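The following exercises concern a single protein model with a bound ligand. Each task is followed by a solution in steps.

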Amino acid sequence: MVVDDERNMRLSLETVMADEGYRVRTVESAEEGLRLLAEQEFFMVITDARLGGMSGYDFLGRVKARWPGLPVLIITAYATPKLAVEAIKAGAMDYLAKPFAPEELIHAVQRCAERYRLLSENEALRARAEAPASVDQIIGDSPGIRELRQLIRTVAPTNATVLILGESGTGKELVAGALHQLSLRAARRYVRINCAAIPETLLESELFGHEKGAFTGALRQKAGRVEEADGGTIFLDEIGDMSRPLQAKLLRFLEDGSFSRVGGTQELSVDVRLIAATNRDIIEAIREGHFREDLYHRLNVVQFRPPPLRERGDDVLVLGDHFLRQFSAALNKPLAGFSPPAQRLLRDHHWPGNVRELRNVIERAVILELTREIQPSTLPDFQLELRLRKVVPEPAGSGVQPTGDFSLEDAVLAYERDLIVRTLEEKHYNLAKAADQLKITRHALRYRVNRLNIRLTPASEEPEDNPGRGDFSR
Ligand SMILES: Nc1ncnc2c1ncn2[C@@H]1O[C@H](COP(=O)(O)OP(=O)(O)OP(=O)(O)O)[C@@H](O)[C@H]1O
Ligand SMILES: [Mg+2]
């Protein structure tokens with residue numbers, strides 16, 4: 001958009017840019033320019049500094065206030081270095097002094113066009129990466145999944161906060177997306193934040209924004225993503241990984257939608273619906289003091305629990321077929337289905353990684369298969385995997401076999417030892433609590449511990465390979 005009160009200038013600017021392939025609209029005044037900006041999208045504005053009516057500088061100020069991302073180029077016949085600096089400070093993208101060569105103008109316009117292209121590309125990428133799923137993308141005929149879809153349809157149009165719990169790969173993210181899609185907020189933004197992927201120190205400013213200078217590196221004020229989600233939905237994935245101080249701030253935010261940016265004092269307020277998910281054992285996390293119980297209750301207005309794949313019966317085959325069709329189309333490799341032995345393998349597997357694991361298994365099989373049907377030979381050796389996964393040793397002395405060469409006395413001792421060790425572990429080696437659970441006195445427990453030669457230091461003092469991760473499958 002070109003703003004200039006001189007007809008000749010408007011014409012020559014238009015000609016130079018049209019020759020380069022740019023589409024140009026010209027207006028005579030800043031007032032007219034503001035009206036047009038409100039109606040139509042432009043990638044940049046070129047304005048003369050001196051206009052009849054509102055000046056080019058005032059116009060710049062108005063534009064920056066309303067469309068902060070829109071580049072403005074100022075042209076003036078009365079150029080001084082001081083004015084140039086002021087124009088740039090006020091947010092002008094560039095400053096051209098009359099007279100200028102057409103190339104100078106084109107060069108400046110190209111920079112703005114490039115900037116606009118990058119911004120809109122970013123926007124598109126972001127929108128695509130976060131495009132929420134629809135409820136039809138949740139495949140499966142098992143009662144658990146039918147109920148899940150029904151519950152989504154019921155709860156989606158309300159503003160209820162939702163907590164989604166379940167093992168990894170069960171489709172929690174799909175559920176969150178479908179809830180947004182079916183809500184009254186569907187036309188507004190769906191913002192997903194993975195609390196585990198963002199460093200703890202940055203998560204707060206990502207969520208709530210920060211003021212300029214709030215911390216080293218905070219060069220300018222930044223709006224939080226809760227502001228971006230205003231009117232829409234925010235999905236906090238892996239909320240079990242959020243630090244306790246931030247949990248407190250989130251709790252306050254959930255009370256009434258108000259918050260302040262990091263380093264700011266102003267109370268801001270937005271209207272967002274919150275959905276949270278975690279694959280951690282949240283009850284365990286509360287017990288261990290990692291997760292605030294009050295926040296849990298506040299989030300847990302409606303709870304979704306997508307069931308593990310192993311509990312969905314024939315859905316394994318339904319989903320298997322779905323992924324088979326998807327990948328054989330993508331890889332242009334027509335396959336008829338699964339051979340009966342391959343079906344059996346899929347049905348019998350434990351699927352610790354749930355649907356995500358199944359999807360990966362099918363993708364690999366479609367790549368490797370040479371016959372018309374998926375055969376067991378292109379599926380992973382599930383037995384081997386199971387054995388590899390069993391890295392956690394059974395508690396010492398758990399050879400409790402009803403048959404074999406154990407005497408009754410040895411078997412009973414082994415059983416007793418096993419039970420005591422397990423209870424101690426469960427109670428974090430708190431003797432009083434373990435004794436309570438076993439319904440014996442502390443004294444009696446200590447006596448047995450000594451007699452059975454049980455170590456009273458927790459085995460977990462040795463490094464665990466996955467500390468704190470609740471495992472729903474055990
Ligand atoms: N019922 C389903 N129908 C179709 N695809 C599914 C279903 N459930 C899960 N998927 C697919 O499986 C993959 C894993 O799902 P998703 O990312 O939602 O799992 P998650 O529960 O969020 O896992 P994590 O806890 O590891 O983040 C995705 O590719 C998703 O599209
Ligand atoms: Mg997920």
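**Exercise 1. Classify N354 as buried or exposed, and identify the polar contacts of its side chain.**

Solution. The model is a predicted one, and the values below are computed from it.

Step 1. The relative accessible area of N354 is 0%. Buried means under 20%, so N354 is classified as buried.

Step 2. N354 belongs to helix α15, which covers residues 354-368.

Step 3. The side chain of N354 makes a polar contact of 2.9 Å with the side chain of E167. The N354 side chain also reaches the backbone oxygen of S168, at 2.9 Å.

Step 4. S168 also appears in the surroundings of ligand 1, where S168 is one of the closest residues. This leads to the next exercise.

**Exercise 2. Describe the shell of residues around ligand 1: how many are there, which are closest, and how do they divide by residue type?**

Solution.

Step 1. The shell counts 19 residues, and the closest are I139, S168, G169, K172 and R356.

Step 2. By type, six of the shell residues are nonpolar, six are polar and seven are charged.

Step 3. Three contacts to oxygen atoms of the ligand can be listed. From S168, a polar side-chain atom lies 2.6 Å from a ligand oxygen. From T170, a backbone N or O atom lies at 3.3 Å from an oxygen of ligand 1. From L174, a polar backbone atom is 3.4 Å from a ligand oxygen.

Step 4. The ligand taken alone exposes 630 Å², of which the protein buries 86%.

Step 5. Helices α7 (172-181), α13 (315-330) and α15 are the elements that contribute two or more residues each to this shell.

**Exercise 3. Determine which parts of the chain the salt bridge between R111 and D94 ties together.**

Solution.

Step 1. Side chains of opposite charge can pair when their charged atoms come close.

Step 2. Between R111 and D94 the N to O distance is 3.0 Å. A salt bridge requires a distance within 4 Å, and this pair is one. The total count of salt bridges in the model is 19.

Step 3. R111 is in helix α5 (residues 102-129) and D94 is in strand β5 (residues 94-97), so the bridge ties together parts that are 17 residues apart in sequence.

Step 4. R111 has a relative accessible area of 39%, so R111 is partly exposed.

**Exercise 4. Trace the salt-bridge network that contains E228, and classify E228, R189 and R225 by accessibility.**

Solution.

Step 1. E228 and R189 meet in a salt bridge of 3.0 Å, N to O. The pair links distant parts of the chain, 39 residues apart: E228 is in helix α9 (residues 225-228), and R189 is in the loop between α7 and β7 (190-194).

Step 2. E228 also forms a salt bridge with R225, with the closest N and O atoms 3.4 Å apart. Both E228 and R225 lie in helix α9, three residues apart, about one turn of the helix.

Step 3. Through shared partners, salt bridges join R189, E206, R225 and E228 into one network.

Step 4. The relative accessible area is 24% for E228, which is partly exposed. R189, at 30%, is also partly exposed. R225, at 9%, is buried.

**Exercise 5. Which backbone features are found at P99, N332 and K439?**

Solution.

Step 1. The peptide bond from K98 to P99 is cis, with omega near -5°. P99 lies in the loop between β5 and α5.

Step 2. N332 is not a glycine, yet its phi is positive, near 55°. The residue N332 is in the loop between α13 and β15 (337-338), and its relative accessible area of 68% makes it exposed.

Step 3. K439, likewise not a glycine, has a positive phi of about 55°. K439 sits in the loop between α18 (431-438) and α19 (442-451) and counts as exposed at 75% relative accessibility.

**Exercise 6. Which residues make up the nonpolar surface patch that includes I367, and what accessible area do they have together?**

Solution.

Step 1. The patch consists of L331, I367 and L368, with about 260 Å² of accessible area together.

Step 2. I367 lies in helix α15. Its relative accessible area is 47%, so I367 is partly exposed.

Conventions
Residues numbered from 1 in each chain as written. Chains lettered and ligands numbered in written order. Predicted model: local features only at pLDDT ≥ 70, side-chain atom pairs only at ≥ 80, totals over all residues. Heavy atoms only, no water. Patch = residues over 30% accessible without salt bridge, like charges linked within 9 Å, V, L, I, M, F, W, Y side chains within 5 Å. Areas by Shrake-Rupley, 256 points an atom, 1.4 Å probe, with all protein chains shown as cover. Salt bridge = Lys/Arg side-chain N within 4 Å of Asp/Glu carboxyl O. Helix = DSSP H or I, 4+ residues; strand = E, 2+ residues; numbered from the N terminus. Buried < 20%, exposed > 50% of the residue type's maximum accessible area, 1.4 Å probe, protein only. Near = heavy atom within 4 Å. Polar contact = N/O pair within 3.5 Å; in protein donor to acceptor, adjacent residues only side chain to side chain. Nonpolar A, V, L, I, M, F, W, Y, C, P; charged D, E, K, R; others polar.
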